[in-house]
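Reader: I am in my first year and would like to look closely at one part of this subject, the salt bridges. Could you take me through them slowly, with the partners and their surroundings?

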Amino acid sequence: PTRPPPTACPMSGATANAGASATPRTRLVINADDFGISPAVNAGILEAHAAGTVSSTSMMVHCPGWDDAGRTIRSAPGLGVGLHLNLLVGAPIVAGVTAVDRRTGRFLTLSALVRRALAGRLDAGEIEAECEAQVAAVEGIGVRLTHIDSHRHTHALPVIRRAVARVAARRGVPLRRPVESHRRFPNDLVSQLHRGVIAWSWRLTSLGAPRTRSPDHFIGVSMQGGERFEAQLAHVLDHLPAGSVELMVHPGRVDAALSAVDGYTWQRERELAALTSPA
């Protein structure tokens, strides 16, 4: 039988039972990462939400677009908002030495954070306290948290995974499970490697981590890059699996604040164009 069209929903409804119908249902969350990284990215995400595609976003705290995010999120009461845990941009809220460069007091680079996590040189208590502080910052601007994920999937790393899962379990919100099928766009070798590393880390860190809720399926790493995003988006939407699906996207505009902290720039405008296109 033909599957009904997907139902858009915020992340908080991602794990809801679709009903006892004999026909499988798809519940689709299109989640835009990085709300708060810069004012231009914020504007792009809100534009995609207004167009009817993005139904959820993940907010970064104390980044160049944080103050703007606090002001503008009120214009989108129907947008689900989660925490995009930030352990890479700027400085932590909670004083700690294991996740920062001691010389600057700012977060480590991604490569340095990965090395420290794999070597077991991160303090789980500090990471958990930082995650709680960032949750409190989001809730402090009047947002009801719908989920937790992280910038560059750092919550899939050893030590960080358990710390963040404890916060998500304690608060009863879903935690992104960033494991994506290798059957999607199988010829993209770079994406396959990226997906493989994230999946390996997630499975490695599952042992001993608190159980958390998440959508049935995750899609998004395979679509990053910008060049073919519109065609890939159309293909994914035409071939959604049954169950709850989180589709991760990164729409946005580009400004100097974004360029200073992140290399994913023009690609965001390509994603925004696709997410706001009539098709």
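Author: What follows is a walk through the salt bridges of this model, which is a predicted one. By the rule that a side-chain nitrogen of Lys or Arg must lie within 4 Å of a carboxyl oxygen of Asp or Glu, the count comes to 14 salt bridges. A good place to begin is the pair formed by Arg253 and Glu47, whose closest N and O atoms are 3.0 Å apart. Arg253 sits in the loop between β7 (243–249) and α8 (256–261), while Glu47 belongs to helix α1 (residues 39–50), so this salt bridge ties together parts that are 206 residues apart in sequence. As for their surroundings, Arg253 is partly exposed, with a relative accessible area of 36%, and Glu47 is likewise partly exposed, at 32% relative accessibility.

A second pair is made by Asp101 and Arg103, whose side chains meet in a salt bridge at 2.9 Å, taken from N to O. Here Asp101 counts as buried because its relative accessibility is 17%, which falls under the 20% cut-off, whereas Arg103, at 75% relative accessibility, counts as exposed.

Turning to a third pair, Asp262 forms a salt bridge with Arg268, and the closest N and O atoms are 3.1 Å apart; both Asp262 and Arg268 are buried. Finally, there are salt bridges that share partners, and these join Glu128, Glu132, Glu139, Arg166, Arg170 and Arg171 into one network.

How values were computed. Residues numbered from 1 in each chain as written. Predicted model: local features only at pLDDT ≥ 70, side-chain atom pairs only at ≥ 80, totals over all residues. Heavy atoms only, no water. Helix = DSSP H or I, 4+ residues; strand = E, 2+ residues; numbered from the N terminus. Buried < 20%, exposed > 50% of the residue type's maximum accessible area, 1.4 Å probe, protein only.
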